Amino acid sequence: MPRPGPERRRFGIRARLLALLLPCLLALLALDSWNDYRAQHDLVQDAYDQAMLEPVNALGQGIALAADGSIRVQAPFDVQAMFDVTRPQHKLLHVGLNALPDGSGGAPPAAEVTLIGVPDLPAPPASAGNDSPFVWYDAHYRGYPVRVVALRRTVLDGHARPYQVLIQAAEGTSARVQAQADLLRQELLQGARLVGVVLLLVWLGVSWSLRPLERLRQSVQASPPDGLRPLDARGVPHEVVPLVDAVNHHMARHQQMLAGQSRFLADASHQLRTPLAIMLTQAGYALREPDATRTHETLHAIVAQLARSRRLCEQLLAMAQASQAADDPSPRPVVDLNRVAREVVLQYLPLAREKNQDLGWIDARGEATANEDAAAPQPPAAPVAARDLELHEALSNLVHNAICYTPAGGCITVSVRIEGDRVCAEVCDSGPGIAPARRNSVFERFAQVAGADAKTLQTPGAGLGLSIARAYARHNGGDIELADSDGASGAPGLRALLRFPLAHGAPADPA
């Protein structure tokens with residue numbers, strides 16, 4: 001057989017919470033961070049663009065006519081200094097002048113004349129819209145990216161000739177990129193701090209919540225092996241209280257089981273010690289007795305005691321098996337209670353004849369079928385979901401008790417019938433019966449019918465028969481009830497009713 005591999009380590013509460021919270025937290029954080037980053041990105045772009053518009057507007061307002069009628073730009077000193085060509089990678093300026101055709105058929109317009117700034121800034125795109133006087137576009141100047149804003153104006157010189165003034169301001173994008181990178185870094189750091197705080201809070205919260213359970217574990221480990229005291233649920237989170245209550249309930253049941261086993265062992269020891277002491281006394285008497293006849297009588301008494309001790313040992317073993325059967329989770333097959341009861345009757349028929357008792361049998365299909373050939377294949381007359389051997393043992397104990405307590409010449413009747421959705425096996429005798437007040441106590445282990453009720457008992461038992469029978473019956477979904485007999489023979493009598501649910505899909509009452 002292959003050896004089982006190591007058990008996989010299961011996720012703890014911390015890991016489960018983190019596995020549940022961390023992906024959701026990261027997704028929400030990424031979404032919020034992206035929205036914040038986009039909003040701040042637009043704010044940075046607008047701020048830089050507005051800073052570029054101010055000198056363009058100032059230059060546009062500074063265009064005027066010179067004394068000779070030509071067009072000149074009266075740029076303020078601060079604007080000129082801002083766009084100094086000595087810092088070409090930061091801020092650039094261009095003001096160009098183009099002559100427009102005047103419609104008189106004169107000479108074509110001359111090339112653009114640069115009034116201020118660098119002459120080689122990238123021209124505005126031809127597809128730029130005319131809705132706004134300003135045109136924004138991104139371009140490259142001397143190998144590095146720039147952001148450019150352009151303003152076109154049409155002016156007339158002193159001779160009424162039209163000219164187009166192109167004002168351009170360009171700025172390198174490195175400062176913008178650096179600002180955006182700083183914003184992104186700040187958002188990531190803020191998100192990382194938030195995730196770290198959440199992880200720390202989850203870790204500390206789970207540790208704080210599990211601290212009572214750790215104390216509970218230490219108290220359980222420190223308790224003695226035979227200590228079954230209930231666990232203290234004080235200070236435990238209310239979500240764990242049902243678990244602690246279930247453990248306490250299980251420990252209480254286990255303590256009751258151990259107490260029952262101890263009581264059972266003590267009673268069994270007492271029941272076995274008595275016949276052993278009697279046999280020891282009888283054996284000593286037989287050794288001292290010179291008369292052979294009395295010696296044989298003593299040996300017969302020892303044999304009888306051995307037979308009763310053997311019966312006691314068999315019942316003790318059956319009781320142990322009945323206790324173990326209660327933990328068997330395997331499904332129960334469908335058996336015929338009518339057939340099992342008939343086999344029990346045939347098994348105990350010689351013992352009943354030996355005591356001069358009338359042991360009768362009533363079949364579930366009617367008395368006319370009671371003498372049919374049992375070997376012939378027949379459908380189940382009383383199907384129940386139970387185990388054959390356990391049914392046989394339960395009925396055997398009921399019939400054996402009836403034979404033991406019924407006097408010679410008495411009558412015992414075993415019958416099986418279907419009562420609606422239940423199957424009933426009945427053992428009715430003409431013995432002394434049991435008082436109604438004591439019928440529940442006789443199902444306890446080593447409980448015997450005492451006093452006047454047991455005067456006819458010839459072979460006293462150990463008081464385990466009814467306890468074993470009920471244990472097997474309940475394990476198979478049934479139960480045993482005790483009631484008065486019909487009293488036809490004049491004796492009180494006792495009826496033992498063994499009832500089981502009718503097996504699923506079984507036929508209804510054949511009558």
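Select E426 first: with a relative accessible area of 11%, this residue is buried. The model on display is predicted. Now add R417, which forms a salt bridge with E426, the closest N and O atoms lying 3.2 Å apart. R417 itself counts as partly exposed, at 28% relative accessibility. Extend the selection to E419, E481, R495 and R499, since salt bridges with shared partners join these residues, R417 and E426 into one network.

Across the whole structure, a search finds 17 salt bridges. One of them to display next pairs R147 with D49, whose closest N and O atoms are 3.5 Å apart. R147 belongs to strand β6 (residues 144–156) and D49 to helix α1, so this pair ties together parts 98 residues apart in sequence. Both R147 and D49 are buried.

Move then to D388 and R339, another salt bridge, with 2.7 Å between the closest N and O atoms. Here helix α7 (residues 388–405) supplies D388 and helix α6 (residues 337–354) supplies R339, so the parts tied together are 49 residues apart in sequence. D388 is partly exposed at 26% relative accessible area, and R339 is partly exposed at 33%.

Next, colour helix α3, residues 174–222. Its 49 residues reach 69 Å from the first C-alpha to the last, close to the 72 Å expected. Centre on R211, where α3 bends by about 40 degrees; a proline, P212, follows within four residues. P212 is among the buried residues of α3, which also include R176, E187 and L216.

Finish at the surface with I13, L17, L20 and L21, a nonpolar patch with about 340 Å² of accessible area together. I13 lies in helix α1 (residues 13–61) and is partly exposed, at 44% relative accessible area.

Technical notes: Residues numbered from 1 in each chain as written. Predicted model: local features only at pLDDT ≥ 70, side-chain atom pairs only at ≥ 80, totals over all residues. Heavy atoms only, no water. Helix = DSSP H or I, 4+ residues; strand = E, 2+ residues; numbered from the N terminus. Expected span 1.5 Å × (residues − 1). Bend = angle between axes of the 7 residues up to and from the residue. Buried < 20%, exposed > 50% of the residue type's maximum accessible area, 1.4 Å probe, protein only. Patch = residues over 30% accessible without salt bridge, like charges linked within 9 Å, V, L, I, M, F, W, Y side chains within 5 Å. Areas by Shrake-Rupley, 256 points an atom, 1.4 Å probe, with all protein chains shown as cover. Salt bridge = Lys/Arg side-chain N within 4 Å of Asp/Glu carboxyl O.
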